[in-house]
Amino acid sequence: MINIDIGATAISILTLFGIYSLMSISLNLEYGVAGLPNFGKALFISIGAYTAGITYTRLLPLLAGVEAIHPCGPTMGGALQLRSEIMASNPTAGFINFGLTLLFAAAIAGAVGFAVSYVTLRLKEEWFLALVLLVGGETVRILVRGADDFICSHNGISGVAQPFFFVADPRSRALLFMLLSLALALLAYLYSQRLNHSPFGRMLKGLRENEEVTRGLGKNISLARAQIMAVGSLIAAIGGVLFALNTGFVNTNDFVVNLTLDVWVMVVLGGIGNNRGALLGALLIAIMDRFAQIGAIVLNMGGSDIEFNYVRFIGFGLILLWMLRYRPAGLLPESRLTTDAHDVVRRVIGASK
Amino acid sequence: MTPLLEMKNLRKDFGGLRAVDNVSLQVPEGAIIGLIGPNGSGKSTLINLIAGSTDLSSGQVLFASQDISDLPADEVFKLGIARGYQEPALYFKMTVLDNLLLPVKDQRGERPWYAPWRRSWQHEEAAHAEAAVQVLEQVQLLHHYDTLASDLSGGQMKLLEIARCLMGKPQLLLLDEPTAGVAPKLAYEIFQQIARLRDDFGITLLIVEHRLEILFDFADYVYVMHLGKLLAQGAVDEIANDAIVREVYFGD
Amino acid sequence: MGDNLPPALLTTSLVNTIQIGSLYALMALGITLTFSVMKLPNFAHAEYATAGAYAALIVSLSGVLNPLVIMIAAFVVGALSALISHLAVFKPLERRDVSFYTLILASFAVGLIIRYILFTMADYFNLFDLRIAIPLRVLFREGTLILSNLFAWVVPTSLVLVFILTLLLNRSPLGREMRALANNVNLARVIGIPVERVKNYTWLLVGGLAGVAGALWGLQTAVHPLMGWGAIISVFAAAILGGLSSFSGTILGAYVVAFSENTVILFLNVNYGVDLAYKPAIPFIIIIVVLLFRPQGLTKLIRRAGDLGR
């Protein structure tokens with residue numbers, strides 16, 4: 001038998017939960033609320049990770065006042081050591097770098113989301129958007145992987161340490177990062193929850209239900225679409241930054257279609273259009289991920305020849321199919337939208353009685 | 001006096017089909033104008049052309065002397081032209097109240113950076129809600145404010161659609177068969193409501209309608225379309241007794 | 001075009017274009033058929049090819065080396081996996097009239113399941129990267145250009161299958177019924193076409209053809225659980241070049257995609273130093289450009305009798 005450290009497992013699950021929540025909330029805003037099928041989620045998540053790859057290799061040394069070393073090729077080891085030394089000894093530089101990474105990632109992803117939305121307006125059929133985003137995400141991944149100097153193509157960049165790297169005790173270090181990711185997820189949740197019950201949310205739900213009519217009622221739906229794509233993309237990119245920091249690596253191989261599917265499963269599982277559902281989906285997938293890893297170890301130690309990772313994907317597919325067929329609204333179905341105005345009307349009616 | 005809405009030589013081709021062929025008509029301010037014709041005569045297409053949801057092939061649409069021929073639907077609405085649809089196109093998954101509040105113009109809370117800060121838009125929203133109460137009282141739907149639009153009866157849906165248009169404070173209302181699929185008695189009530197819109201709010205109306213017996217009671221002037229062309233026009237009495245109109249319309 | 005391309009490289013790449021293009025055509029025709037008849041963009045389609053390749057591999061490993069038997073095994077396994085995914089997944093979903101996105105997600109899930117069942121099996125029996133064991137003989141050699149007996153097998157077989165499929169669609173009663181479904185399902189039902197049966201046959205046909213394509217592929221390269229998934233975007237690009245509706249457009253599209261992946265990239269590499277690592281990006285770029293600027297694909301360029309109306 002292996003010993004499972006319950007504390008460490010809980011910390012790693014909750015950290016993943018925070019990161020996945022950012023991703024699922026962003027997809028829920030785009031698809032659940034506004035009806036935009038973003039099958040290119042991996043692209044926007046990867047923008048966050050690539051940004052981290054660049055800031056950690058180019059910006060961090062500058063902030064610490066030392067000269068940057070080219071991160072790829074023969075100087076790779078030296079550059080990695082430099083990063084680790086700075087992150088361990090200079091928390092200020094680490095935090096400034098982290099903050100700027102979030103800022104840049106959000107700005108770039110938001111701008112890309114906004115632009116992509118406008119470019120894809122000319123698509124003839126609605127579902128082409130799904131296809132273009134899916135394929136666009138893979139294209140960018142291949143181009144980034146091909147560009148040697150960008151994030152070191154196939155090797156990727158390691159030693160992308162989380163900002164609390166300087167804390168000596170590994171348990172407290174992990175705990176602090178968990179709190180950080182949960183805090184960012186909470187912010188995203190509160191934002192999207194309030195958005196949902198605002199006039200903006202109302203307009204987006206109108207857009208989801210009937211685009212033509214919403215345009216006919218004086219709404220600039222192209223702008224609204226682009227705005228929600230920007231918001232969703234920047235949240236996804238923040239998730240991407242944390243994703244990279246959590247594993248410590250930036251590698252193009254992580255941002256394949258399967259990652260997009262993971263996020264879709266979270267939203268479909270939790271409940272399309274319901275932010276709490278998105279959180280629940282993220283939690284379930286985080287737990288599943290972690291236990292799949294533990295299960296794989298247990299299975300291998302038990303001498304089984306079956307590779308657990310494969311079984312995980314089969315299970316994943318089956319869950320998705322089961323949900324689509326029997327619980328299409330998810331575990332927590334969307335509650336109906338009632339904006340603040342209802343309270344006002346209730347009061348008016350009450351007063352007139 | 002220049003008419004509120006003026007169409008000059010409108011034409012619309014769908015592939016090889018000419019749905020609207022050289023139609024010119026005028027809608028004076030404060031009038032109720034009827035637009036009639038057999039199915040497929042191009043009436044609904046004409047409404048779409050004015051509202052900007054279909055691009056025109058040639059011709060010109062002037063609204064309050066401004067050329068709106070090439071404006072998209074949202075701009076047309078903002079200028080003061082609202083429209084209803086033949087099949088009620090409500091937001092069926094929203095409450096009656098949210099259906100009404102959505103079309104209100106220039107809402108602060110519709111901008112993503114204000115939306116999460118409730119304080120920045122809640123006063124505005126409350127004012128809109130009070131305006132909605134007025135409109136709901138007018139169409140007798142006030143006590144349904146919290147009902148999902150999909151749970152309303154057919155006649156209530158028609159009324160809600162008109163009420164929703166009013167929230168955009170239009171000068172001109174385009175209605176496409178406002179009584180389609182509604183019981184005759186209720187159809188008459190709907191037209192009474194429509195007449196009050198003109199009398200109380202000064203709204204001008206262009207109405208496509210098949211129930212001529214009701215339309216002729218309320219309309220000031222009627223245009224008749226047939227096969228995409230304008231067949232006849234005139235005051236209600238003239239049209240009702242026009243031999244050609246009777247032939248294409250009633251087949252006698 | 002190949003001004004600066006060494007002639008030997010050019011010839012090799014053109015041979016590859018024909019070989020790969022024919023296989024793409026076999027699979028892409030299936031995607032076009034499923035899309036026009038069933039209104040389903042099936043991202044699991046390439047997995048039927050992988051399943052067929054594994055069926056062929058297992059039969060050949062068991063000692064049966066008769067190519068016909070191998071192909072039939074591949075056809076049957078491909079056809080069955082397609083029919084099962086229809087009956088178990090797509091049909092119930094279609095009956096509930098779900099959105100396009102639900103269907104896309106479901107097809108991804110089906111693909112995931114088939115792929116990782118094959119992975120588990122391949123892992124358990126150690127069947128990674130094996131070739132279907134038909135002996136290789138060199139028929140023709142000229143510099144780097146080598147034509148084996150497999151080339152003599154793959155290209156004619158796929159061309160003949162494409163031809164038979166075209167005939168079937170245009171001349172047979174089943175083909176007529178499929179086209180009726182593609183045009184208007186409700187109308188087809190009203191005039192008494194057995195819609196469900198035609199759909200089942202369509203699935204068997206497209207799955208079987210994909211299976212054969214997978215087996216033919218396994219003859220020239222190695223069989224791996226990821227081989228279908230790796231080709232799905234190229235195959236989709238071909239179908240999209242056919243406007244997802246035109247048969248002739250899809251076939252032409254398949255060769256266009258294969259040509260860009262083999263010859264054009266080589267040309268760019270030799271002349272402009274474009275890294276060959278960018279090769280996978282080609283079908284992606286084709287899809288994006290076509291969907292944005294020419295959603296009807298190549299259809300208008302080649303209006304022919306073989307087109308499925310939409």
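**Figure 1. Two helices of chain A, H4 and H10, pack against each other in this predicted model.**
Helix H4(A) covers residues 91–119, and its partner H10(A) spans 221–247. The two axes are 7 Å apart and make an angle of about 145 degrees. If you follow how H4(A) passes H10(A), you'll find a right-handed crossing. What kinds of residues make up this contact? There are 16 nonpolar residues, eight polar ones and just one charged.

**Figure 2. Here's chain A as a whole, with its 14 helices and two strands.**
Chain A has a radius of gyration of 22 Å, and the globule rule gives 20 Å for 353 residues; those values are close, so chain A is as compact as a globular protein of that length. Taken along the principal axes, the box that its C-alpha atoms fill is roughly 75 × 50 × 45 Å. How much of chain A is buried? Of its 353 residues, 53% count that way. Now take the contacts in chain A with a separation of 6 or more: 80% of them link residues 24 or more positions apart.

**Figure 3. Chain A meets chain B.**
There are two pairs of chains in contact, and chains A and B are the pair that shares the most contacts. Chain A puts 34 residues into this contact, while chain B puts in 39. On the chain A side, five helices each supply at least two residues: H7 (170–196), H8 (199–209), H9 (211–216), H10 (221–247) and H14 (341–352). Which helix gives the most? That's H8(A), with eight residues. Sorted by type, the chain A side has 14 nonpolar, eleven polar and nine charged residues.

**Figure 4. Chain A also meets chain C.**
This contact takes 35 residues from chain A and 33 from chain C. The elements of chain A that give two or more residues to it are helix H5 (128–146), helix H11 (257–270) and helix H13 (308–326). H5(A) has the largest share, with twelve residues. On the chain A side you'll count 24 nonpolar, four polar and seven charged residues. And what about chain B and chain C? They do not touch, and their nearest C-alpha atoms are 16 Å apart.

**Figure 5. In chain B, six strands line up in an open sheet.**
Reading across the sheet, the order is S6-S7-S8-S3-S9-S10, and the pairing is mixed. Which strands sit at the edges? Those are S6 (81–83) and S10 (229–234) of chain B, each of which pairs on one side only. From one strand to the next, the twist averages 20 degrees. Zoom in on S3(B) and S8(B), the latter made of residues 204–208: they run parallel, joined by four bridges. One detail to look for is Gly34(B), whose bridge partner in S8(B) is Ile207(B).

**Figure 6. Helix H1 of chain B lies across several strands.**
The strands H1(B) lies across are S3, S6, S7 (172–176), S8 and S9 (221–226) of chain B. Relative to S7(B), the helix runs at about 150 degrees. Between strand S3 (32–36) and helix H1 (43–51) there is a loop, and that's where to look for Asn39(B). Is Asn39(B) buried or exposed? It counts as exposed because it has 7 C-beta neighbours inside 10 Å, and the cut-off for exposed is 12 or fewer. Asn39(B) and Asp217(B) are 178 residues apart along the chain, and their C-alpha atoms are separated by 22 Å.

**Figure 7. Strand S4 of chain B pairs with S1(B) and with S5(B).**
Start with S1(B), residues 5–14, and S4(B), residues 58–63: they pair in the antiparallel sense over five bridges. Within that pairing, Met7(B) stands opposite Val61(B) in S4(B). S4(B) also runs antiparallel to S5(B), residues 66–67, and two bridges join them. Here Phe63(B) stands opposite Gln66(B). S4(B) and S5(B) form a hairpin, with two residues between them. Which residue in the turn has a positive phi? It's Ala64(B), at about 50 degrees.

Terms used: Residues are numbered from 1 along each chain as its sequence is written. Chains are lettered from A and ligands numbered from 1 in the order in which they are written. This is a predicted model: local features need pLDDT of at least 70, side-chain atom pairs count only at pLDDT 80 or more; totals for chains, interfaces and linings use all residues. Two residues are in contact if their C-beta atoms, placed from the backbone, lie within 7 Å. Ala, Val, Leu, Ile, Met, Phe, Trp, Tyr, Cys and Pro count as nonpolar, Asp, Glu, Lys and Arg as charged, and the others, Gly among them, as polar. Axes are lines fitted to C-alpha atoms, for helices over the stretch in contact, and angles run from 0 to 180 degrees between N-to-C directions. A crossing is left-handed if the near helix is turned anticlockwise from the far one by less than a right angle, and right-handed if clockwise. A residue is buried if 20 or more other C-beta atoms lie within 10 Å of its own, exposed if 12 or fewer, and partly exposed in between; C-beta atoms are placed from the backbone. Two strands pair if DSSP finds at least two bridges between them. The radius of gyration is taken over C-alpha atoms; the globule rule is 2.2 Å times the number of residues to the power 0.38.
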